[in-house]
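Hello,

Here is the structure I promised to pass on to you. Have a look at it first, and then read my notes below.

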Amino acid sequence: MAKLHTQIGNLSMKNPVMTASGTFGYGLEFEDFVPLDQIGGIIVKGTTLLPREGNDYPRMAETSQGMLNCVGLQNKGVDYFAEHIYPQIKDIDTRMIVNVSGNTPDDYAECAARINTLENIPAIELNISCPNVKQGGMAFGTTCAGAASVVRAVRKRYNKTLIVKLSPNVTSIADIARAVEDEGADSVSLINTLMGMAVDVEKRQSVLSIDTGGLSGPAIKPIALRMVWQVAKAVKIPVIGLGGICNAIDALEFLMAGATAIQIGTANFLDPAVTLRVCNGIDLWLDNHGVKDVKEIIGVI
Amino acid sequence: MKKYCLDLSVISVEQINENYVLIKLTHSLPLPPMQPGQFVEVRIEHSPSTFLRRPISINFVDFERNELWLLVATVGDGTRQMARLKSGEKLNCILPLGKAFSLPASPSERFLLVGGGVGVAPLLFLGQKIREMGAMPTFLLGARTKNALLEMEAFERIGRVWVTTEDGSAGEQGFVTQHSVLQRERFDKICTCGPKPMMMAVARYAAKEDIACEVSLENMMACGIGACLCCVEKTTDGNRCVCTEGPVFDTRQLLWT
């Protein structure tokens with residue numbers, strides 16, 4: 001048993017394996033398949049100040065080794081979360097983290113402030129990288145000034161661990177990472193989905209209702225690895241890596257490229273118990289290679 | 001209902017006609033409880049173009065023989081891989097998923113089960129369950145031609161069967177909603193599964209006759225367990241996941257009729 005304990009700002013986790021927002025519901029959906037207390041951290045669905053219906057169907061297209069989605073942040077709003085969902089998840093013995101999105105910096109800040117009052121939510125992940133909403137989302141995450149403005153507004157009203165989820169749809173992700181670090185982010189997670197498109201040739205139209213969507217899955221892993229490696233070299237705060245991780249070897253690649261923790265997203269749809277397999281697989285690999293502590297392999301490249 | 005992710009063993013793969021196979025599966029342990037209208041999410045290995053699991057409705061469960069049947073239309077590479085499975089091979093399935101059809105409140109309730117194409121699949125299990133409850137189900141099954149009618153002997157063993165074909169090669173010529181049984185008899189409840197235009201026509205008939213009607217939707221989905229929010233249908237209550245709040249919906253909940 002190697003040491004798997006992982007630290008992100010003030011957030012202490014039993015291992016570096018987390019779930020990516022929007023792919024693991026509120027955790028409860030996966031209870032029949034995975035003992036949730038074995039996971040390092042669970043990042044729940046994107047939550048906004050007010051309820052959102054999301055985009056019209058079709059919201060999903062299967063692609064080679066991946067999928068596109070344009071769900072568009074469907075959720076019942078932060079007050080519903082606090083009143084109805086939080087009581088069901090607050091005692092799960094893992095780190096429950098809320099992914100927060102909004103239309104304006106004030107939206108983000110107000111939503112974050114409400115979550116700040118929930119005792120058993122030790123961190124939030126700011127989503128400044130959703131490609132599927134007209135306002136907010138990726139609009140903030142693609143410029144240093146936009147990203148900084150959201151983090152600045154939230155930092156004033158949120159005093160726990162603040163993770164910022166970055167968009168890969170930019171020229172220099174390292175510049176954006178430095179901008180949010182300067183505003184007091186405790187960590188960055190990357191990458192969110194890559195903007196893509198699918199066409200139905202028989203119908204001569206886009207598959208997705210809003211034409212474009214975010215690409216996830218193994219197809220994006222090499223890009224995600226490259227960006228994690230670049231950002232880990234550019235900032236001092238811990239980096240959380242995600243993008244196409246399906247097994248322990250994928251996870252180890254991200255750790256070696258500089259990620260302190262990793263998130264599993266789309267692979268949860270293929271194997272609902274994948275998080276547990278990745279935890280166990282990392283542990284086994286470390287043991288087999290005589291590594292006593294997972295920290296020894298982080299950022300070795 | 002508790003959900004399971006199981007490696008089921010293939011008992012047999014029977015080619016029903018050029019487009020359909022019937023796959024019978026079993027497990028070393030007793031299969032979990034399953035209800036008519038529910039579905040399974042099948043993992044397909046070794047198919048480069050099949051990334052996600054495939055939702056397949058439960059055709060029949062023989063709890064005595066510990067068998068789960070899947071009726072599969074071979075429409076793409078993933079389903080063709082399923083058709084090539086050999087006896088003894090494993091098929092990983094998440095089950096049971098989704099909400100089931102309602103069952104009769106009393107044996108005197110007259111259920112009409114309307115199916116088209118591969119949409120007949122869940123109706124066999126539903127008909128059997130209705131029969132076990134002491135009621136006699138009526139099936140109204142539609143297809144393009146006689147050859148495309150599926151599992152007819154099994155349906156005939158369970159209930160009364162009426163047929164329409166578009167070319168008139170079996171039963172009455174036309175669509176299910178044109179069948180004369182709808183003029184002659186009165187039903188208390190209609191359950192339907194098949195192509196969307198057919199289900200919409202059935203739902204319109206049910207609404208006109210003031211008969212309760214349930215439909216089984218097959219929106220494209222990824223996770224099957226209510227996490228990804230991809231398979232939503234617009235309902236009177238907003239966007240709802242077909243995988244967890246369906247696939248069976250009362251048509252009064254839907255906005256498409």
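**Notes on chains A and B**

Let me start with a helix in chain B: helix α2(B), residues 121-132, lies across β7 (111-116), β8 (138-143), β11 and β12 of that chain, and it runs at about 165° to β7(B). Please keep in mind that this is a predicted model. Helix α5(B), residues 196-209, lies across β7, β8, β11 and β12 of chain B as well, running at about 170° to β12(B).

The strands under these helices belong to an open sheet of 7 strands in chain B, with the order β10-β9-β8-β7-β11-β12-β15 and mixed pairing. Its edges are β10 (172-173) and β15 (248-250) of chain B, each of which pairs on one side only. Within the sheet, β11(B) (residues 189-193) and β12(B) (residues 212-216) run parallel and are joined by 4 bridges. If you want a place to zoom in, B:Ile190 stands opposite B:Cys213 in β12(B).

Another spot in chain B that I would point you to is B:Ile23, which lies in strand β2(B), residues 20-26. This residue counts as buried because it has 22 C-beta neighbours inside 10 Å, where the cut-off is 20 or more. Leaving aside neighbours within four places in sequence, B:Ile23 is in contact with B:Val10, B:Val13, B:Leu70, B:Val72, B:Met82 and B:Leu85. Of these contacts, B:Val72 is 49 residues away from B:Ile23 in sequence, yet the two C-alpha atoms are 7.5 Å apart in space.

As for chain B as a whole, it has 6 helices and 15 strands. Its radius of gyration is 18 Å, which agrees with the value near 18 Å for a compact globule of 257 residues. Along the principal axes, the C-alpha atoms of chain B fill a box of roughly 50 × 40 × 35 Å. Of its 257 residues, 49% count as buried. Among the contacts in chain B with a separation of 6 or more, 61% are between residues 24 or more positions apart.

Now to chain A. Here 8 strands close into a barrel with parallel pairing, in the order β3-β4-β7-β8-β9-β10-β15-β16. On average, neighbouring strands of this sheet are turned by 25° against each other, direction ignored. Helix α6(A), residues 221-234, packs on the sheet and touches β10 (187-190), β15 (239-242) and β16 (259-264) of chain A; its direction makes about 175° with that of β15(A). One pair to look at in the barrel is β8(A) (residues 123-127) with β9(A) (residues 161-165), which pair in the parallel sense over 5 bridges. There, A:Asn127 stands opposite A:Lys165 in β9(A).

The largest nonpolar core has 187 residues, and those with the most contacts inside it are A:Ile124, A:Val188, A:Val228 and A:Ile262. Helix α6(A) gives the largest share of this core, 7 residues. Not counting residues up to four places away in sequence, A:Ile124 touches A:Ile97, A:Val98, A:Val100, A:Ala112, A:Ile115, A:Tyr158, A:Leu162 and A:Ile163.

Finally, how do the two chains meet? There are 26 residues of chain A in contact with 22 residues of chain B. On the chain A side, the elements that give two or more residues are β5 (60-63), β6 (66-69) and α8 (267-270). The residues on that side divide into 11 nonpolar, 10 polar and 5 charged.

Best wishes

Key
Residues are numbered from 1 along each chain as its sequence is written. Chains are lettered from A and ligands numbered from 1 in the order in which they are written. This is a predicted model: local features need pLDDT of at least 70, side-chain atom pairs count only at pLDDT 80 or more; totals for chains, interfaces and linings use all residues. Two residues are in contact if their C-beta atoms, placed from the backbone, lie within 7 Å. Ala, Val, Leu, Ile, Met, Phe, Trp, Tyr, Cys and Pro count as nonpolar, Asp, Glu, Lys and Arg as charged, and the others, Gly among them, as polar. Two strands pair if DSSP finds at least two bridges between them. Axes are lines fitted to C-alpha atoms, for helices over the stretch in contact, and angles run from 0 to 180 degrees between N-to-C directions. A residue is buried if 20 or more other C-beta atoms lie within 10 Å of its own, exposed if 12 or fewer, and partly exposed in between; C-beta atoms are placed from the backbone. The radius of gyration is taken over C-alpha atoms; the globule rule is 2.2 Å times the number of residues to the power 0.38. A nonpolar core is a set of buried Ala, Val, Leu, Ile, Met, Phe, Trp, Tyr and Cys residues joined through C-beta atoms within 7 Å.
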